[in-house]
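Please look at the sequence and the model shown here, and keep both at hand while working through the exercises.

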There are 2 protein chains.
Amino acid sequence: MKISTKGRYALRMLIDLAENRDQGYISLKDIAERQSISRKYLEQIVQLLNKTDMLKTSRGYNGGYMLAKDPSEYRVIDILEITEGNLACVSCLEDEVNECKRAGFCKSLKVWQGLDNVIKNYLSSITLQDLI
Amino acid sequence: MKISTKGRYALRMLIDLAENRDQGYISLKDIAERQSISRKYLEQIVQLLNKTDMLKTSRGYNGGYMLAKDPSEYRVIDILEITEGNLACVSCLEDEVNECKRAGFCKSLKVWQGLDNVIKNYLSSITLQDLI
DNA sequence: TCAAATCCTATTGAGTTAGTAGGAATTTAA
DNA sequence: TTAAATTCCTACTAACTCAATAGGATTTGA
């Protein structure tokens with residue numbers, strides 16, 4: 001029941017970009033140093049974010065990344081779903097339709113549905129704006 | 001960010017015991033069959049619960065397990081902490097005192113503290129009584 | 001042209017998960 | 001007294017995930 005380094009580092013990176021969003025493009029080298037994260041590992045994580053429209057990128061000399069939108073438009077839940085994968089706390093809640101044969105009579109299911117709700121409600125309520 | 005089979009199976013086993021608590025000692029064989037869980041695996045999980053005062057045990061012929069207390073006294077959070085280990089959503093929140101060097105200025109920490117709170121509040125609010 | 005940066009993909013050691021397996025100890029019924 | 005049914009204890013393992021490391025291709029500004 002742990003958030004992995006991918007999700008944690010991604011959030012720290014985006015907070016860093018939000019804090020420095022008046023500085024133009026920020027290189028991974030700078031972020032990696034400020035955040036004490038391996039630059040090579042951060043490269044992989046940023047590619048996950050880069051598949052979405054969250055970031056603007058500049059390659060080559062003086063290149064780097066910047067936020068594509070206002071910090072208030074980055075919900076923590078979206079950041080984590082991109083980097084951690086499905087946030088469902090049990091696998092039978094990963095899909096829209098519960099495929100588990102026991103779903104119809106499973107007494108424990110309501111625990112997981114409720115847990116899923118409080119987690120997702122909470123993470124939906126926070127944006128980068130709240131963290132800088 | 002998943003609850004493992006240990007926690008899920010333990011909860012299902014205890015719900016089963018709560019539902020059948022007027023039937024005397026219930027064998028793992030019966031529970032394993034009703035719940036479609038490997039008996040041998042369930043043996044390991046029940047030993048985790050058995051280290052606490054949650055269960056009464058009878059060995060030998062016609063032996064089995066029963067709840068030691070009223071279902072309302074079994075909080076889901078306690079069941080999961082015993083079987084899953086520490087439920088903290090990030091490792092820096094596992095101990096009473098946060099040992100992370102970055103804790104003093106980490107902007108992401110408040111996300112994890114808040115998430116930890118909503119998870120633990122929710123899981124503390126549910127008992128076996130609510131699930132039968 | 002060179003240096004600094006992103007982009008892309010392969011590999012790997014360590015740890016975790018979800019069991020399987022075998023047998024010892026205990027208890028009751030026949 | 002013996003056999004069967006049960007818990008108790010511990011070792012093992014295949015598959016998977018995590019957290020990087022690594023090497024180089026590509027792009028771009030000075």
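The exercises below go through the protein surface around each DNA strand, with a solution after every task.

This is a predicted model, in which local features need pLDDT of at least 70 and side-chain atom pairs count only at pLDDT 80 or more, while totals for chains, interfaces and linings use all residues. Residues are numbered from 1 along each chain as its sequence is written, chains are lettered from A and ligands numbered from 1 in the order in which they are written, and side-chain values use heavy atoms, with hydrogens and water left out.

**Exercise 1.** Find how many residues surround DNA strand D, and which are the closest.

Solution. Begin with the cut-off: a residue is near a strand if one of its heavy atoms lies within 4 Å of it. DNA strand D is surrounded by 27 residues, and the closest are Lys40(A), Gln44(A), Leu28(B), Glu43(B) and Tyr65(B). Next, turn to the strand itself, where 61% of the atoms within 4 Å of the protein belong to sugar or phosphate and the rest to bases.

**Exercise 2.** Identify polar contacts (pairs of N or O atoms within 3.5 Å; within protein, one must be able to donate a hydrogen and the other to accept it, and residues adjacent in sequence count only if both atoms are side-chain atoms) that involve phosphate oxygens of DNA strand D.

Solution. In chain A, a polar side-chain atom of Ser38(A) lies 3.2 Å from a phosphate oxygen of DNA strand D. In chain B, a backbone N or O atom of Leu28(B) is 2.7 Å from a phosphate oxygen of this strand, and an N or O atom in the side chain of Gln47(B) is 2.8 Å from one.

**Exercise 3.** Determine which element gives the most to the surface near DNA strand D, and how the residues of this surface divide by class.

Solution. Helices (H or I, at least four residues) and strands (E, at least two) are DSSP runs, numbered from the N terminus. H3(B) gives the most, with six residues. For the classes, Ala, Val, Leu, Ile, Met, Phe, Trp, Tyr, Cys and Pro count as nonpolar, Asp, Glu, Lys and Arg as charged, and the others, Gly among them, as polar; the surface then divides into six nonpolar, 14 polar and seven charged residues.

**Exercise 4.** Describe which side chains of chain A make polar contacts with DNA strand C.

Solution. Among them, Gln47(A) places a polar side-chain atom 2.7 Å from a phosphate oxygen of DNA strand C, and Asn50(A) places one 3.1 Å from a phosphate oxygen. For Arg59(A), the partner of a side-chain N or O atom is a base oxygen, at 3.1 Å.
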